[in-house]
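Grab a coffee and open the viewer. Here are a few exercises to work through with the model in front of you.

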Amino acid sequence: MSLQVERNAAVAVVTLNRPDALNALDTATKVALRDTLRDLAGDPAVRAVVLAGAGRAFCVGQDLREHVAMLDSGDPAPLSTVREHYNPIAELVTGMPKPVVAAVRGMAAGAGASLALLADFRVGGPGTKFLMAFANVGLAGDTGVSWTLPRLVGPAKAAELLMLAEPVDAATADRLGMLSRLVDDDEQVLPAALELAARLAAGPTVAYAQIKRQLSAAAAGPLSDALAVEADAQAVCGQSSDHRASTAAFVKKERPVFEGR
């Protein structure tokens, strides 16, 4: 299978599994990823998601062999994949009502880099590299990179990374804010991501979903819109079992236990 899903308690690990192709995204993989993310978003038993790649790369983006073959055959799929696959994937990751952690081991290029940047957290190692490869094959960015990258590195640096399409090493990615955590050993990238996801899965999932919603709204609109979303988000959180239980635990000087509801 080109996509594997494993459950580790409340954490779902979604692994791109085409290591011989550096986890390039062919049509079957994109469909499986889109549909899997949709299923996980609606599964209350899943409280955090880890995105990973099998082998020595996270994901090098679109499978260009398949892409070229489709172009040569006159197949319209290469021109429709953004709307059919990449856009829904971007919306599902950013709208996921639970935290998403990307374990970025090795190269993340093109749509693979975009996928990693969509996550709430990105863990990398010494061998991690990002490459906004789109311009190298005469394309603009996709999979939400025009939205995520400027928010992480600023608009000027985003333009540079997208237009010059030069690789970004792990230390630079960490400095720019493209990585949330940089570990010392590539072998520890996935374990560190799993540890972070487990911590998040044990947290207040309802609040995390509302925080993601707040940040998205605040990035797109004026203060008045952000304040309105904050008021609504607090109303949602205030009605949650986790809020009531955790405030009661605080008063009793006990450690709260969050159940994600």
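The exercises below go from the sheet to the helix pairs and then to two single residues; keep in mind that this is a predicted model.

**Exercise 1. Work out the strand order of the open sheet and find its edges.**

Solution. Start with the order: 6 strands line up as β1-β2-β3-β4-β6-β9 in an open sheet, and the pairing is mixed. Now look at the two ends of that order. β1 (3-8) and β9 (181-182) each have a single partner strand, so one side of each has no neighbour in the sheet. Those two are your edges. While you're there, look for what sits on the sheet: helix α8 (residues 189-201) packs on it and touches β2 (11-16), β3 (48-53), β4, β6 and β9. The direction of α8 makes about 175° with that of β4.

**Exercise 2. For β1 with β2, β2 with β3, and β4 with β6, say whether the strands run parallel or antiparallel.**

Solution. A quick reminder: strands of a sheet pair through backbone hydrogen bonds, either parallel or antiparallel.

- Step 1: β1 and β2 run antiparallel and are joined by 6 bridges. Leu3 stands opposite Leu16 in β2. The two strands form a hairpin with 2 residues between them, and Ala9 in the turn has a positive phi of about 60°.
- Step 2: β2 and β3 run parallel, again with 6 bridges. Ala12 has Val49 in β3 as its bridge partner.
- Step 3: β4 (residues 100-104) and β6 (residues 121-124) are parallel too, held by 4 bridges. Here Ala103 has Val123 in β6 as its bridge partner.

**Exercise 3. Decide whether the faces of β2 are covered or not.**

Solution. In a regular strand the side chains alternate between the two faces of the sheet. Sort the residues of β2 that way: Val11, Val13 and Thr15 go on one side, Ala12, Val14 and Leu16 on the other. Every one of them is buried, and both faces are covered. As a tally, that's 6 of 6 residues buried in β2.

**Exercise 4. Describe how α5 packs with α6, and how α9 packs with α10.**

Solution. Two packed helices are described by the angle between their axes and the distance between the axes.

Take α5 (residues 145-153) and α6 (residues 155-164): the angle is about 125° and the axes are 7 Å apart. The pair is therefore oblique, and the crossing is right-handed. On the α5 side you'll find Val145, Leu149, Pro150 and Val153, which meet Pro155, Lys157, Ala158, Leu161 and Leu162 of α6. By class, that contact has 8 nonpolar, no polar and 1 charged residues.

Next, α9 (residues 205-220) and α10 (residues 223-238): the axes come within 9 Å and cross at roughly 175°. That's over the 145 degree cut-off, so α9 is roughly antiparallel to α10. Among the contact residues are Gln210 and Arg213 of α9, and Glu230 and Asp232 of α10. The class count for this contact is 9 nonpolar, 2 polar and 3 charged.

**Exercise 5. Place Arg38 and Ala140, and classify each by accessibility.**

Solution. Arg38 sits in helix α1 (residues 27-41). At 43% relative accessibility, Arg38 is partly exposed. Its C-alpha is 9.0 Å from that of Val93, 55 residues away in sequence.

Ala140 is in the loop between β7 (129-131) and α5. With a relative accessible area of 60%, Ala140 is exposed. Ala140 and Pro126 are 14 residues apart in sequence, with 28 Å between their C-alpha atoms.

Key: Residues are numbered from 1 along each chain as its sequence is written. This is a predicted model: local features need pLDDT of at least 70, side-chain atom pairs count only at pLDDT 80 or more; totals for chains, interfaces and linings use all residues. Side-chain values use heavy atoms; hydrogens and water are left out. Axes are lines fitted to C-alpha atoms, for helices over the stretch in contact, and angles run from 0 to 180 degrees between N-to-C directions. Angles under 35 degrees count as roughly parallel, over 145 as roughly antiparallel, 65 to 115 as roughly perpendicular and the rest as oblique. A crossing is left-handed if the near helix is turned anticlockwise from the far one by less than a right angle, and right-handed if clockwise. Contact means heavy atoms within 4.5 Å. Ala, Val, Leu, Ile, Met, Phe, Trp, Tyr, Cys and Pro count as nonpolar, Asp, Glu, Lys and Arg as charged, and the others, Gly among them, as polar. Buried means under 20% relative accessible area, exposed over 50%, partly exposed in between (1.4 Å probe, protein chains only). Two strands pair if DSSP finds at least two bridges between them.
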